[in-house]
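Open the model in your viewer and keep the selection panel at hand. The tour goes from one selection to the next and says what is there.

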Amino acid sequence: MGIEVTNLTKRFGDFVAVEDVSFRIEKGRLAALLGPSGGGKSTILRIIAGLEVAENGSVLLDGERVDHLHTRKRDMGFVFQHYALFRHMTVGQNIGFGLEVRGVASRDRRRKVGRMLELVGLPGLGNRYPHELSGGQRQRVALARALATEPRLLLLDEPFGAVDAKIRAELGRWLRTMHDEINVTSIFVTHDQEEAMSLSDQVLIISQGRLEQVGSPVEILDHPRTEFVARFVGDVNVFDGVVRQGRAEFGPLAFPIKHAQDGAAVRVVVRSYDFELYPDASGPATVQRVLPLGDRVKVDAIIDGLGPISAQFPRSNPFAEHVLPGTRVGVGVSHARSYTLQ
């Protein structure tokens, strides 16, 4: 059945950290809590784990209400950003700590620790101490410790935030592979959009303590329900205007608006990859900068009568070979999202 959270609310004094949050994650799925820093993601995770107490709401795991139980009785594994390993214990002792607390016999503990070391790709390192490992290896030990007790739910709070970008990407791919092998329901907190979209089955967008949208990565990217989601996810361009005769005009650009009446103020959001630029000496825009980003190219341009825009396209695009600062270009838009302003 997975986990179900209903009407979760948490305050710290007058500050509302979590406001009436409800969601459900099916068993065996990997979900990401994604949003700006300070938005309430970690607080939600800590309430689920029993490390914080909510003023209102319930947490059900596999149909059983657990929010009244002590942390140790919730059968959950928790991985912190900064590992939280015991420095005076070896890797093997760290991994086996939860098993020892549960009274598992030493022989069975050693066997389980050996299996966990194999699972996380650290065979033969059980006698080392945390300070003898790299940051990526220490995080794997933290994951092994959380999984050793075979929890029903795995919670990860910014699990790769303490390592560099390359190791972070490698650990992310490894986490996805490991999750598919062991099939434990998992929730991880991140503010890294690419990480959330590439690793998770389900994304929950959290902002200012509220749940903005739940959906698959594709649903979040292609069908943002709110202006916040549209602006937060991905590299975007934002234009404010007024609807006149069923459309909003921004310099040489015009967008049909079907959901608002004439005179209504609207905000139009265009993702950078939805802009189409093409060579045109009489075009309405001038290229300012060209930035190679791995397999993509980012182009900053200024549209006459409108202002700056940002566009992206594959480096394999023939246009990438010819676009230079100062080049005049034509501009098209393949897709735009519009929201009525209150």
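Begin with a pocket, bearing in mind that this is a predicted model. The second largest pocket has about 490 Å³ of volume. To find it, select E194, G234, Y273, R296 and Q312, which lie nearest its centre among the 13 residues of its lining. Next, colour helix 6 (193-199) and strand 18 (307-314), the elements that each give two or more residues to this lining. Helix 6 provides the largest share, 3 residues. Sorted by class, the lining of the second largest pocket holds 5 nonpolar, 4 polar and 4 charged residues.

Now go to the largest pocket, which encloses about 640 Å³ of space. Select T71, R72, M76, F78 and G98: of the 21 residues that line the largest pocket, these lie nearest the centre. Then show strand 6 (76-79), helix 2 (91-101) and helix 4 (135-148), each of which supplies at least two lining residues. Which classes of residue make up the lining of the largest pocket? There are 12 nonpolar residues, with 5 polar and 4 charged ones.

The next stop is a sheet. Strands of a sheet are paired through backbone hydrogen bonds, in either a parallel or an antiparallel way. Here, an open sheet of 4 strands follows the order 2-1-4-5, and its pairing is antiparallel. Select strand 2 (15-25) and strand 5 (64-65) to see the edges, where each strand pairs on one side only. Then select strand 1 (residues 3-12) and strand 4 (residues 56-61), an antiparallel pair joined by 5 bridges. For a single bridge, pick V5 and look for its partner in strand 4, V59. Keep the sheet on screen and add helix 1 (residues 41-49), which packs on it and touches strand 1, strand 2 and strand 4. The direction of helix 1 makes about 115 degrees with that of strand 1.

Finish with the charged side chains. Side chains of opposite charge can pair when their charged atoms come close. The model has 22 salt bridges. For one of them, select D180 and R176, whose closest N and O atoms are 2.6 Å apart. Where do D180 and R176 sit relative to each other in helix 5 (residues 165-182)? They are 4 residues apart in that helix, so about one helical turn separates D180 from R176.

Technical notes
Residues numbered from 1 in each chain as written. Predicted model: local features only at pLDDT ≥ 70, side-chain atom pairs only at ≥ 80, totals over all residues. Heavy atoms only, no water. 1 Å grid on protein atoms, 1.4 Å probe; cavity = no way out; pocket = protein on both sides within 12 Å on 5 of 7 lines; lining within 4 Å. Points joined across faces, edges and corners; volume = space filled by probe spheres on them. Nonpolar A, V, L, I, M, F, W, Y, C, P; charged D, E, K, R; others polar. Pairing = 2+ DSSP bridges. Contact = heavy atoms within 4.5 Å. Axes fitted to C-alpha atoms, helices over the stretch in contact; angles between N-to-C directions. Salt bridge = Lys/Arg side-chain N within 4 Å of Asp/Glu carboxyl O.
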